[in-house]
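Here is a friendly tour of a protein model, written with a computational chemist in mind. Take a look at the structure, then read on.

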Amino acid sequence: MKPVKVGICGLGTVGGGTFNVLKRNAEEISRRAGRNIVVESIGARRVNPDCDTWGTHITGDIFEIATNPEIDIVVELIGGYDTALKLVMTAIENGKHVVTANKALIAVHGNEIFEAAQKKNVMVAFEASVAGGIPVIKAIREGLSGNKINWLAGIINGTGNFILTEMRDKGRDFADVLAEAQALGYAEADPTFDVEGIDAAHKLTILASIAFGIPLQFDKAYTEGISNITAEDVQYAEELGYRIKHLGISRRTEAGIELRVHPTMIPEKALLANVHGVMNAVLVDGDAVGQTMYYGAGAGAEPTASAVVADIVDVVRTLTADRDNRVPHLAFQPGSLSALPILPVDAIVSGYYLRLTVNEKPGVLAKVASILSEAEISIDAIVQKETHQQQVPIIILTQDVEEKRMNAAIAQIEALADVNEPVTRIRVEHL
């Protein structure tokens, strides 16, 4: 049978890993796919010294790959938005199937990409866009297709998880660990996407769409970073039996879908609480199966290449299938996506950790408790730390409450004359 010809666009970390895995495991991959898969051409501005590309055509023009009539599958690994979108749409227009690891592209432009692919009867595969080598998209889209998904939560950015792990294990502060993460290559020179939750929100948008059968709506995701988490907050959480993780959470409610990324306190024995370092994990709750967790390397050359190559194999297996019998891009048939709204963050319900810095005076705690009581916010625990300073920290854990009510209560607390700094607030989940 005629081999399937692949064109790889981008020969950086993931592109190089993909080329090497395809070459090294060619026989095994062929046995799985039922046909030989060959790299016909590579589009890259520079060669990768870790790749032996001798004998493979290389061009500096990636659009040559998208229009080459000999190529069946275009693998987009250049990243970013504009050029990547133009490349993918050009490939689709020319009847090419597409494999991509670009979470930003799918989260922001996925709806239009999938619509174009449907019209041209081609596939767009994107397993590597979420959690690197962990096959979580395939698990939710296919393995859990008999379930009504209730919620999912995940550690889907390794940089943030590394930082919080180091802060907990060694008592270090955020800035110190971030500098080490940058030195180790875990964080970019501009770490905003990682530490402020944007990268995780891209991935969560994709997971939520597949889990709940809704269009991709990245612009409605709530994001909050970890740069304001202090070593003291991490320590207090430990003393209360919790750990702080930077989670992406999406939950189905009667009112709509929650779609949020933020620091979260979870019980220290919870599965996600014990995911350390740069590792990723996604916990999914289905009505039939209960909870299942998917754990592994969320980044890196070959872990991500593992997912890219698996997508190539999937595309090859279905080349002769009628499009109506293929697995839909977003798990649900295109005409049956739900119009459930994405909820604003002030409509979510959770518990809260509050840290206040107050003057050491009688009656301050009573005033704070009175405000919470009047707002009908129940308190699980209060800890007033003993110090020999004029200002003391007060730690409060609350029961579940709608965020809108908590916001109003915090505003009243911050208005008290003896409360000296903005209240630190971390949401609490019992996953």
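## Surface and burial

The protein chain exposes an accessible surface of about 18600 Å², and carbon and sulfur atoms account for 48% of that area. Accessible areas here come from the Shrake-Rupley method with a 1.4 Å probe, and for residues only the protein chains shown count as cover. Of the 431 residues in the protein chain, 54% are buried (under 20% relative accessible area, with a 1.4 Å probe and protein chains only).

## About the model

This is a predicted model, in which local features need pLDDT of at least 70 and side-chain atom pairs count only at pLDDT 80 or more, while totals for chains, interfaces and linings use all residues. Residues are numbered from 1 along each chain as its sequence is written, and side-chain values use heavy atoms, with hydrogens and water left out.

## Overall dimensions

Along the principal axes, the C-alpha atoms of the protein chain fill a box of roughly 85 × 45 × 35 Å. The radius of gyration of the protein chain is 24 Å, which agrees with the value near 22 Å for a compact globule of 431 residues (taken over C-alpha atoms; the globule rule is 2.2 Å times the number of residues to the power 0.38).

## Domains

The protein chain is divided into domain 1 (4-133 + 301-325), domain 2 (136-296) and domain 3 (346-428), with bounds from an automatic or database domain assignment. The C-alpha centres of domain 1 and domain 2 lie 27 Å apart. Between these two, 15 residues of domain 1 are in contact with 16 residues of domain 2 (heavy atoms within 4.5 Å).

Definitions and conventions: Buried < 20%, exposed > 50% of the residue type's maximum accessible area, 1.4 Å probe, protein only.
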